[in-house]
Structures are given as structure tokens and as C-alpha cells.
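Please look through the sequence and the model below before reading on. The report that follows takes up a few places in turn and describes each of them with care.

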Amino acid sequence: MAPCKRRAYDAEFKLKAISHAVEHGNRAAAREFNVNESMVRKWRKQQDDLRQWIINAWASTVVRAFGKAGIVTEMPDNTSDTDFDETELAMLDAVFAQLFNSDTEEEEFEGFLDEE
């Protein structure tokens, strides 16, 4: 018998499997996603760590991109892929809120100014 090739599953796949397992059980999720039931059990145990990893990866990517673009001038001390603490996440929330909640929502957007 030929050895099985190892597969890597991305975070989105794992979270979908976890969600299905919560609603329908581990065995049903394993059948639905064509994985071993023990994998579903393992992923469910790692659910909190997986979600934190996704938040940190997203936040650090966005923060670095906003910093390079000059959108965010005050950056958290920790902009690597390590865990953001509660204070840093709160600061990010404030920065994002400031970016997406314009003071001029009632004004019509007339395009960007050409600064030549």
C-alpha cells in the first residue's frame, strides 16, 4: 500500500470544519470535509489559538501596510507576527475607527485632488 501524502489545511478550512463540528458533531464534520475525525477533534482543541493567530496575522499585516503607506503614524511597539496585547489591539481599533469613520459623511466625495 502506498503511503498517504500529508496535506496541509489553511486556517479558513479548519475554521469551517470546526463550525460544522459544533453544529453537527465531529464525525459529521470529518465526513463533510473528508478528513479524519481525530483531526477535527485536534482543531477544535486548538480553536482559540487558531483564531488568535488569524487576528495577529491580519493585524500585523494591516498595520505594516498602513505604516508603509503613511496612513498610520503611531504604530504599536509590536508589529511582528507575535501576539498583540489588549492595549495594542485597542489602539488598532481606534486607528481603524478613525480611518473608516469620516467626519464628512454627509458631504459628496468629489474625487482626489491632483497635486501637480
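Asn34 counts as exposed because its relative accessibility is 67%, and exposed here means over 50%. In this predicted model, Asn34 belongs to the loop between α2 (26-33) and α3 (37-45). Its backbone also deserves a second look, since Asn34 has a positive phi of about 55° although it is not a glycine. Most residues other than glycine have a negative phi. A positive phi is also found at Gly25, the residue that follows α1, where the value is near 105°. The table sets these two residues side by side.

| Residue | Place | Phi |
|---|---|---|
| Asn34 | loop between α2 and α3 | about 55° |
| Gly25 | follows α1 | near 105° |

**Helix α1**

How far apart are the end C-alpha atoms of helix α1? Helix α1 covers residues 11-24, and at 1.5 Å a residue its 14 residues should span 20 Å, which agrees with the 20 Å that separate its end C-alpha atoms. The buried residues of this helix are Ala11, Leu15, Ala17, Ile18 and Ala21. They lie on the same side of α1, because they cover an arc of only 160° around the axis. An α-helix has 3.6 residues a turn, so residues three or four places apart point the same way. Glu12 and Glu23, by contrast, are exposed on the other side of α1. As for what the buried residues of α1 meet, they pack against α2, α3 and α4 (47-69).

**The nonpolar core**

The largest nonpolar core has 13 residues, and among these Ile18, Val35, Val40, Trp43 and Leu50 touch the most other members. At least two residues of this core come from each of α1, α2 and α3, while α1 gives the most, with 5 residues. Val35 can be followed further: when its neighbours within four places in sequence are left aside, Val35 is in contact with Tyr9, Phe13, Ala30, Val40 and Trp43.

**The largest pocket**

Which residues line the largest pocket? Its lining is made up of Arg6, Arg7, Ala8, Tyr9, Lys14, Met39, Lys42 and Trp43, and the pocket has a volume of about 160 Å³. With 3 residues, α3 gives the most to this lining. Trp43 therefore appears in two parts of this description, because Trp43 is one of the core residues that touch the most other members and also lines the largest pocket, as the cut-off of an atom within 4 Å of a pocket point requires.

Conventions. Residues are numbered from 1 along each chain as its sequence is written. This is a predicted model: local features need pLDDT of at least 70, side-chain atom pairs count only at pLDDT 80 or more; totals for chains, interfaces and linings use all residues. Side-chain values use heavy atoms; hydrogens and water are left out. Helices (H or I, at least four residues) and strands (E, at least two) are DSSP runs, numbered from the N terminus. Buried means under 20% relative accessible area, exposed over 50%, partly exposed in between (1.4 Å probe, protein chains only). The expected span of a helix is 1.5 Å times one less than its number of residues. The arc is that of the directions from the helix axis to the C-beta atoms. Contact means heavy atoms within 4.5 Å. A nonpolar core is a set of buried Ala, Val, Leu, Ile, Met, Phe, Trp, Tyr and Cys residues joined through side-chain atoms within 4.5 Å. On a 1 Å grid over the protein atoms alone, a cavity is a set of points where a 1.4 Å probe fits but cannot get out, and a pocket is an open set with protein on both sides within 12 Å along at least five of seven lines; lining residues have an atom within 4 Å of a point. Grid points are joined across faces, edges and corners, and a volume is the space filled by probe spheres set on the points.
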